Amino acid sequence: MSNSQTGHLPVTPDLLMTPSDQGDVDLDVDFAADRGNWTGKLDFLLSCIGYCVGLGNVWRFPYRAYTNGGGAFLVPYFLMLAICGIPLFFLELSLGQFSSLGPLAVWKISPLFKGAGAAMLLIVGLVAIYYNMIIAYVLFYLFASLTSNLPWEHCGNWWNTERCLEHRGPRDSNGVLPLNLSSTVSPSEEYWSRYVLHIQGSQGIGQPGEIRWNLCLCLLLAWVIVFLCILKGVKSSGKVVYFTATFPYLILLMLLVRGVTLPGAWKGIQFYLTPQFHHLLSSKVWIEAALQIFYSLGVGFGGLLTFASYNTFHQNIYRDTFIVTLGNAITSILAGFAIFSVLGYMSQELGVPVDQVAKAGPGLAFVVYPQAMTMLPLSPFWSFLFFFMLLTLGLDSQFAFLETIVTAVTDEFPYYLRPKKAVFSGLICVAMYLMGLILTTDGGMYWLVLLDDYSASFGLMVVVITTCLAVTRVYGIQRFCRDIHMMLGFKPGLYFRACWLFLSPATLLALLVYSIVKYQPSEYGSYRFPAWAELLGILMGLLSCLMIPAGMLVAVLREEGSLWERLQQASRPAMDWGPSLEENRTGMYVATLAGSQSPKPLMVHMRKYGGITSFENTAIEVDREIAEEEEESMM
């Protein structure tokens with residue numbers, strides 16, 4: 001046959017051919033190989049720890065514990081960890097590892113609910129935009145700490161006002177400051193609001209003012225760092241986490257030792273841990289505990305699912321679940337000691353009660369703690385360490401957000417995007433940098449608060465409730481447990497099944513109702529947001545919820561038949577749902593990969609892959625179970 005003749009035959013690209021089209025090639029071709037996997041044993045575990053242990057552990061948990069009953073808060077905290085932390089964490093890891101797919105493609109399990117995957121992506125996208133701005137602030141302070149005297153130590157700079165007072169003034173004989181402190185402002189607070197944010201240049205969220213070029217460059221640097229770390233996907237980020245997931249612990253220990261040895265530290269720690277059990281009678285405390293667990297573990301953002309999808313099929317995620325969730329809780333409690341010991345020292349120095357210096361969120365990281373640093377000898381060194389810790393804590397959570405977006409989209413269009421994954425990652429980083437520029441303006445903080453309050457609020461809960469119900473009710477808890485059995489060699493026990501079926505969705509539903517009933521408009525300091533900004537925020541949350549019915553509509557329109565038939569077809573798993581590698585497809589999944597129509601699936605499987613391993617024993621059991629169930633249904 002001459003070349004001119006072959007030129008007219010349509011050439012099927014390799015990736016689109018089914019194995020049967022490729023003639024007599026060996027069916028052992030590894031189709032998921034081009035997707036990439038973790039390269040080291042610890043990559044996955046450290047990535048998960050890095051992802052879960054983030055800024056919230058340092059700046060949200062200690063404050064939440066102290067406002068909700070101190071040591072007594074640990075009771076609802078660990079209970080909620082058991083009811084909706086650990087089970088949902090395991091559910092998400094199992095889904096990802098079983099299918100080796102990202103948060104969009106994983107909905108082959110039930111195409112009707114693909115909208116939940118799209119909602120996850122929207123939420124992660126919004127969070128990634130503002131989360132990197134917080135990293136940019138951290139970088140700003142990191143560079144500012146590279147001096148012999150910290151710039152927020154004294155008043156008298158161009159950004160200070162006459163209300164500025166260095167709270168270390170002369171004391172009277174009782175060791176109390178003779179002034180009324182309430183009308184004054186500390187230099188660190190003015191440095192943050194008037195110099196770093198330059199918030200006085202903005203009239204409010206509607207008039208953000210000019211872009212601050214120094215913040216703009218810090219944000220650019222933050223995105224460049226993130227891009228370089230996720231350049232090669234999990235192969236590169238899996239190596240970076242060896243540093244970013246472990247180093248914060250080293251610094252945390254240094255800060256802890258330094259904090260506990262300060263005079264007055266005990267006062268702060270008492271404040272943090274004294275149990276006030278009457279708090280446990282209020283629903284607010286239980287809700288706060290559940291929220292803390294929910295956001296801290298990062299369930300529902302798709303990050304866990306993405307990381308697990310790069311695992312080998314038999315990786316023991318059951319063990320990993322407990323290591324990560326408990327490690328996360330212990331880190332939060334440790335961070336509380338490091339923070340409150342310093343706050344206790346500070347309250348003693350200033351002569352005010354601890355509750356007047358305690359704050360949460362950015363106020364703690366960028367105002368109170370830096371102010372405490374100025375009181376220590378070698379203050380620039382401790383300040384640099386603290387911000388370096390925040391940087392490493394924030395970065396690995398940010399890797400996960402971006403990895404989730406990139407993986408989800410490349411798994412949808414593997415043929416076009418997988419070879420150009422690095423370019424695609426770069427484009428996403430550039431787009432998100434441009435979208436985040438509004439956060440670098442004088443009024444950028446107002447936008448950041450709005451994004452923080454609404455992007456992942458009720459929308460995220462709706463997504464997680466949907467995922468939970470779709471997997472346990474629509475796909476079926478029996479099938480899901482059987483899949484896990486096939487993957488790990490044992491079935492999840494009664495505890496996991498009870499949580500997946502009832503306890504977790506019910507708790508999340510209570511959270512959702514509570515957050516709607518107790519809804520409070522956003523505010524920043526004394527600034528109240530205008531009605532249009534509120535509406536914008538609520539729409540942001542609703543948009544992610546609306547993705548779910550929109551996805552259902554699309555799925556139903558793609559099927560044929562009456563509405564009920566269409567719904568049934570759309571909720572069934574896709575034909576190619578199951579493990580991504582042929583050798584892991586045992587039991588009911590054997591004949592579902594293109595080109596593997598075989599008469600006696602298990603016999604063929606054993607001939608091809610050698611003797612019976614413990615996992616094949618499992619496969620035989622599963623086959624027997626399915627056969628028995630089918631016989632029962634025939635009767």
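Aromatic pairs are a good place to start in this predicted model, and the structure holds 62 of them. A pair of aromatic rings is described by the distance of the centres and the angle of the planes. One such pair is formed by Trp38 and Tyr310, whose ring centres lie 6.3 Å apart with 75° between the planes, an arrangement that is edge-to-face. Trp38 belongs to the loop between α1 (3-6) and α2 (43-52), while Tyr310 belongs to the loop between α13 (303-308) and α14 (317-350), so this pair ties together parts that are 272 residues apart in sequence. Both Trp38 and Tyr310 are buried. The ring of Tyr310 has a further partner, since the charged end of Arg35 sits over it, 4.4 Å from the ring centre.

A second pair shows another arrangement of rings. The centres of the rings of Phe243 and Phe247 are 4.8 Å apart and their planes meet at 25°, so this pair is stacked. Phe243 counts as partly exposed because its relative accessibility is 40%, and Phe247, at 23% relative accessibility, is likewise counted as partly exposed.

With these pairs in mind, the reader can step back to the protein chain as a whole. The chain has 26 helices and two strands, and buried residues make up 55% of its 635 residues. If one takes the contacts between residues at least 6 apart in sequence, 81% of them join residues at least 24 apart. The accessible surface of the chain comes to about 27200 Å², and 65% of that surface belongs to carbon and sulfur atoms.

The interior can be followed through its nonpolar side chains. In soluble globular proteins, nonpolar side chains tend to be buried together. Here the largest nonpolar core has 196 residues, and those with the most contacts inside it are Tyr137, Trp192, Phe301, Phe366, Phe387, Leu390 and Trp500. Helix α6 (residues 114-144) gives the most to this core, with 22 residues. Phe301 may serve as an example of how such a residue is surrounded: when its neighbours within four places in sequence are left aside, Phe301 is in contact with Tyr51, Met120, Ile123, Val124, Val127, Phe401, Thr404, Ala456 and Leu460.

Two buried residues in helices give further views of the contacts. Met80 is found in helix α5 (residues 74-99), and it is classed as buried because its relative accessible area is 10%. Although Met80 and Trp286 are 206 residues apart along the chain, their C-alpha atoms are separated by 7.9 Å. Trp286 is also among the residues that Met80 touches, together with Gly85, Ala289, Ala290, Ile293 and Thr507, when residues up to four places away in sequence are not counted. Thr466, for its part, has its place in helix α21 (residues 458-488) and is buried, with a relative accessible area of 14%. Not counting residues up to four places away in sequence, Thr466 touches Phe113, Ala116 and Ile548.

The cysteines deserve a separate look. A disulfide is a covalent bond between the sulfur atoms of two cysteines. A search of the whole structure finds one disulfide, and it is formed by Cys155 and Cys164, with their sulfur atoms 1.9 Å apart. The angle about the S-S bond is -80°, and the link of Cys155 and Cys164 is left-handed. The two partners fall into separate classes of accessibility: Cys155 is partly exposed, with a relative accessible area of 23%, whereas Cys164 counts as buried at 12% relative accessibility. By contrast, Cys84 is in no disulfide, and the nearest cysteine sulfur, that of Cys499, is 8.7 Å away from it. Cys84 is buried, with a relative accessible area of 2%, and Cys545 is buried as well, with a relative accessible area of 13%.

Finally, two loop residues can be examined for their backbone angles. Ser100 has its place in the loop between α5 and α6, and its phi is near 50°, a positive value in a residue other than glycine. Leu378 lies in the loop between α16 (362-374) and α17 (379-412), and its phi is near 60°, which is again a positive value in a residue other than glycine. Are these two residues buried or exposed? Ser100 is buried, with a relative accessible area of 11%, whereas Leu378 is exposed, with a relative accessible area of 62%.

Conventions
Residues numbered from 1 in each chain as written. Predicted model: local features only at pLDDT ≥ 70, side-chain atom pairs only at ≥ 80, totals over all residues. Heavy atoms only, no water. Phe/Tyr/Trp six-rings, centres within 6.5 Å; stacked < 30°, edge-to-face > 60°. Helix = DSSP H or I, 4+ residues; strand = E, 2+ residues; numbered from the N terminus. Buried < 20%, exposed > 50% of the residue type's maximum accessible area, 1.4 Å probe, protein only. Lys NZ or Arg CZ within 6 Å of the ring centre and 35° of its normal. Contact = heavy atoms within 4.5 Å. Areas by Shrake-Rupley, 256 points an atom, 1.4 Å probe, with all protein chains shown as cover. Disulfide = S-S within 2.5 Å. Core = buried A, V, L, I, M, F, W, Y, C linked by side-chain atoms within 4.5 Å.
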